[in-house]
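User: I'm new to this structure and would like a close look at one part of it. Could you take me through the charged side chains and how they pair up, both inside the chains and where the chains meet?

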Amino acid sequence: MVLRERVLPMNSERDPAVRLRDLSRAHGKAEQRVLALDRIDLDVHEGEFVCLLGASGCGKSTLLHLVAGLDEPTSGELRVAGGQPAVMFQDSALFPWATVEENVSFPMEMRGLAPKARAERIAELLDLVHLTGFAQHRPHQLSGGMRQRAALARALAQDARVLLMDEPFGALDALLRDRLHDELERVWQRTGLTVLFVTHNPREAARLADRVVLLSSRPGRIAQEFEVDIERPRRIDSPEVSQLARKLTDRLKEVIHATADSEALEA
Amino acid sequence: MRLQTPKLSKPEARVAAPRAFDAGDAGQAQRASRLAYLSPLVALAVAIALWQAVVWSGWKPEWVLPGPWPVAKRLWTELSTGEVLAAAKITLGRALAGFAISLVAGTLVGITMARFGWLRAALGGLIAGLQTMPSVVWFPLAILFFQLGEAAILFVIVLGAAPSIAVGLVSAVDHVPPLLLRVGRTMGARGFTLFRRVVFPAALPGYVAGLKQGWAFSWRSLMAGELMVFLADRPSIGARLHFARELSDPEGLLAWMIVVLSIGIVVDLVVFGRLERRLRERRGLAEETGS
């Protein structure tokens, strides 16, 4: 049974912001059927920062698309609190014909916000992501990092409770990524958003997450979960983060090898 | 949820100078644009020289193929007596009316086809066929329907241009990056709002390319039409061409052909060229050097 409740009042504190029960997604038909996600059970709590860590092709993006409502599960239950979640992709996906301001304004226009309220909120958000003064720029006039910040501002403008991020910094260089990690952490702490963040980078997961969910590949299953209680704000080169990143890397390798072995057996 | 405003200014913000303003590129761009203006003139000079060479070779007697100079003199006469202006008014009036109808019809059909897959499956082949059909083929029917009159000409223009505009729009919509649709949907744009606010702007460059082609088709249809349907009281460009042939007036014929060609070039360059360039610049796609 597929159940989708987008608008769910969150009166009980124990209700998670995102709840996945027995969630599966298969691609293709009959003989060529490939199970991308296999019976995923996951709760993301209100205000929590969860990283989905997995190798390429493990179905982590599929999972994110399901939560985003861009795809339908084959079976299982999926609940997202507070309506349509905001989504950020690896590509900023800013509208190339629109200015930064118009881009950030878009989700608010879709919600029918008055122009005055929009203008105030745009100023606030651009300040938050350090893009004040770039309101009239078009995406092609911005650097890669600035484009992702504009995309973050646009996602925040949606005022959703849940923010989904699909390797949003994957295309940036390491230094810039560090800086955007700092900013994302700061924004997340300020806004109290619930974040579900997909990455294949163990360091990034260790740097950002309250909890890391490790996915195995083909079919995507939850292999292991790691609670992370390293103090914030974190540094990517701190001993604790490095240590956890090593641990995650080792586990990720094991999971990948296990998959490779089973594929070798099948062949 | 309230947001507070932290007061940190990140140095990354300073690297935002648009690339076009880079000093290194400026000289190159200037050279390129000079070349862009100069090379068509050179091509024109070569074409005229070739024409003159053919005339001098004696391939055709001069009363059949006059040289560039007598034709230029004739063109000047037609221009200075206001003949060209008068004829262009009639012809361009028809062209604009026909193109305007095609624009509306083609766009509506294109939107509907892009929106409804079954309609596209049903009409796609037919419209692509219409697009390849020489518009002259429609004239006998048009004359049967509307007699020799303006309506017959408009009918044929619209049949020539509207399919191109519709096909251009449909294919432009096909090429909209799926990521933009996804992001539009997650921000709450649905149905016609999604189309109007995301799909259409994203498809705009392709749509304009379709309009440009539609204009070329309507201009061709119109010329064919004016050669077949000429009204005594309306000395259009096509009618002038027709009479120049009837009266064995090759200088007039070539002069009026140059008028047709010039109008085509001017509209293409000034109207569509400018529109396309502005669209590309706004989206950071303008890297054309004209060479």
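Analyst: Here is a walk through the salt bridges, then the place where the chains touch, and lastly an arginine without a partner.

Keep in mind that this is a predicted model. Side chains of opposite charge can pair when their charged atoms come close. How many salt bridges turn up in the whole structure? A search over all chains finds 34 salt bridges.

Let's start in chain A. A:Arg207 pairs with A:Glu185, and their closest N and O atoms sit 3.1 Å apart. A:Arg207 belongs to helix H6 (residues 202-208) and A:Glu185 to helix H5 (residues 174-191), so this salt bridge ties together parts of chain A that are 22 residues apart in sequence. Are these two buried or exposed? Both A:Arg207 and A:Glu185 are buried. They aren't on their own, either: through salt bridges with shared partners, A:Asp182, A:Glu185, A:Arg207, A:Asp210 and A:Arg232 make up one network.

Next comes a pair on strands. A:Arg211 forms a salt bridge with A:Glu225, with 2.7 Å between the closest N and O atoms. A:Arg211 is in strand S9 (residues 211-216) of chain A and A:Glu225 in strand S10 (residues 221-227) of chain A, so to speak two distant parts of the chain, 14 residues apart, that the pair links. The two ends differ in how covered they are. A:Arg211 has a relative accessible area of 5%, and since buried means under 20%, it counts as buried. A:Glu225 comes out at 36%, which makes it partly exposed.

Chain B has a pair to look at too. B:Arg240 and B:Glu78 form a salt bridge, their closest N and O atoms being 3.6 Å apart. B:Arg240 lies in helix H9 (residues 237-246) of chain B and B:Glu78 in helix H2 (residues 68-80) of chain B, so here the tie is between parts 162 residues apart in sequence. B:Arg240 and B:Glu78 are both buried.

Now for the place where the chains meet. There, 41 residues of chain A are in contact with 35 residues of chain B. Together the two chains bury about 3,500 Å², with 64% of that on carbon and sulfur atoms. How many salt bridges run between chain A and chain B? The count is one. A:Glu109 makes a salt bridge with B:Arg197, with closest N and O atoms 2.7 Å apart. Between the chains there are also six residue pairs in polar contact. On the chain A side, H1 (60-68), H2 (100-110), H3 (115-128), H4 (144-156) and H5 each supply at least two residues that touch chain B. H5(A) gives the most, with six residues. By class, this side of chain A has 19 nonpolar, nine polar and 13 charged residues.

Finally, which arginine is buried yet has no salt bridge? That is A:Arg138, whose nearest side chain of opposite charge, A:Glu102, is 4.5 Å away. A salt bridge needs the atoms within 4 Å. A:Arg138 is found in the loop between H3 and H4 of chain A. Its side chain does reach the backbone oxygen of A:Trp97, at 2.7 Å. Leaving aside residues up to four places away in sequence, A:Arg138 touches A:Trp97, A:Ala98, A:Thr99, A:Glu102 and, from the other chain, B:Arg282.

Note on methods: Residues are numbered from 1 along each chain as its sequence is written. Chains are lettered from A and ligands numbered from 1 in the order in which they are written. This is a predicted model: local features need pLDDT of at least 70, side-chain atom pairs count only at pLDDT 80 or more; totals for chains, interfaces and linings use all residues. Side-chain values use heavy atoms; hydrogens and water are left out. Helices (H or I, at least four residues) and strands (E, at least two) are DSSP runs, numbered from the N terminus. Buried means under 20% relative accessible area, exposed over 50%, partly exposed in between (1.4 Å probe, protein chains only). Contact means heavy atoms within 4.5 Å. Buried area is the accessible area (1.4 Å probe) that two parts lose on being put together, summed over both. A polar contact is a pair of N or O atoms within 3.5 Å; within protein, one must be able to donate a hydrogen and the other to accept it, and residues adjacent in sequence count only if both atoms are side-chain atoms. Ala, Val, Leu, Ile, Met, Phe, Trp, Tyr, Cys and Pro count as nonpolar, Asp, Glu, Lys and Arg as charged, and the others, Gly among them, as polar. Lys and Arg count as positive and Asp and Glu as negative; His and the chain ends are not counted.
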